Amino acid sequence: MTLSPEGAVLLIGAGRMGGALLKGWIAGKRFSAIHVVEPQPSAEIRQLGAKRAIVLHTGFGKGLPDLCAIVLAIKPQVLKGARDLLAALGRTDALVLCIAAGITTAFLESALETKARLVRAMPNTPGAIGRGITALYAGAGLAAGDRRLAEALMAALGETLWLADEGLMDAVTAVSGSGPAYVFLLAEALAAAGREQGLDAETAARLARATVSGAGALLAADSRAAAELRREVTSPGGTTEAALKVLMAPEGLEALMRRAVAMATARGKELGEG
Ligand SMILES: NC(=O)c1ccc[n+]([C@@H]2O[C@H](COP(=O)([O-])OP(=O)(O)OC[C@H]3O[C@@H](n4cnc5c(N)ncnc54)[C@H](OP(=O)(O)O)[C@@H]3O)[C@@H](O)[C@H]2O)c1
């Protein structure tokens, strides 16, 4: 068994998230071998197999080398029904990292039927271009080097951070997991508002898209707080201030966002219990 990030890793489920992880691992050349279990690999994944960038398997079992880590990237509902697979994973001595939304370490511990080395992770979709952020939670019983290994696995999608309390995973899901959808909605709403002010649909969509992505890039490039960047665009008595008076009113965007994130957090808790 090896605990070094240079060992072989196994990915179970090469869909959207799993596929993004694979591409990051291949580009990072961090692991000695990448094995993938995926019943219906896409043409792109099959091509990676043909080029020997990865080793494709149709199921978990024979033909797998000594693994340093196994990453579970299948849907939560599929994972809940995959008791045989989970029990088999529990018999390996690899680190098990699970990105399935709402799947707790308590569920995994019981399904793996062992005190496995477990990490729970919540990535987000900008990970597909290496600009994601993943929150990690370390289960009990991690070995030396496991945190580093988990970070190396998820660094394929962008930034990583550790949570001290697993109970906060639902809040993370509500902020960064679902968050990209809120930002896309902002682009849609901005375009619709532009159309209402007389812009044609194409111009409004282009302006909104470039504004949301450009402001995001500026936020990423500048270490100042978002509020400071906002104030910089807002001159007293100007157009931005007129709009912000509406957006920052008591029932404005901040109140709406608080309600939306609270709803998403509550839904995450429900799904986790179900
Ligand atoms: N997308 C997000 O924004 C996001 C964010 C955070 C976390 N996650 C989590 O990431 C996980 C994957 O999400 P996704 O969007 O990548 O889903 P996805 O595109 O459906 O990918 C899951 C893949 O796993 C395959 N699969 C199903 N059963 C399997 C098995 N027993 N062994 C191996 N592979 C199996 C599926 O094949 P079939 O299609 O043939 O069933 C599919 O290709 C989910 O648990 C989700 O909660 C997603």
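This report describes the nonpolar cores, one helix pair and one buried strand residue of a predicted model.

The largest nonpolar core has 30 residues, and L11, L22, W25, L97 and L153 touch the most other members. Several elements supply at least two residues each to this core, among them those tabulated here.

| Element | Residues |
|---|---|
| Strand 1 | 8-12 |
| Helix 1 | 16-28 |
| Strand 2 | 33-37 |
| Helix 2 | 43-50 |
| Strand 4 | 67-72 |
| Strand 5 | 95-98 |
| Strand 6 | 118-122 |
| Helix 6 | 146-154 |

Helix 6 makes the greatest contribution to this core, five residues. Another core, of 25 residues, lies apart from the largest one and includes L64, I74, A82 and I103. Within the largest core, W25 is one of the residues that touch the most other members. Leaving out residues up to four places away in sequence, W25 touches V9, L11, R30, F31, I34, V71, L153 and A156.

Helix 7 (residues 169-177) packs against helix 8 (residues 179-196) with an angle of about 30° and axes 5 Å apart. Since angles under 35 degrees count as roughly parallel, the two helices are therefore roughly parallel to each other. Helix 7 contributes A174, V175, S176 and G177 to the contact, and helix 8 contributes G179, P180 and Y182. By class, this contact comprises four nonpolar, three polar and no charged residues.

T134 is located in strand 7 (residues 132-138). T134 counts as buried because its relative accessibility is 0%. Beyond its neighbours within four places in sequence, T134 contacts A121, M122, P123, M154, E159, T160 and L161.

Note on methods: Residues numbered from 1 in each chain as written. Predicted model: local features only at pLDDT ≥ 70, side-chain atom pairs only at ≥ 80, totals over all residues. Heavy atoms only, no water. Core = buried A, V, L, I, M, F, W, Y, C linked by side-chain atoms within 4.5 Å. Buried < 20%, exposed > 50% of the residue type's maximum accessible area, 1.4 Å probe, protein only. Helix = DSSP H or I, 4+ residues; strand = E, 2+ residues; numbered from the N terminus. Contact = heavy atoms within 4.5 Å. Axes fitted to C-alpha atoms, helices over the stretch in contact; angles between N-to-C directions. Parallel < 35°, antiparallel > 145°, perpendicular 65-115°, else oblique. Nonpolar A, V, L, I, M, F, W, Y, C, P; charged D, E, K, R; others polar.
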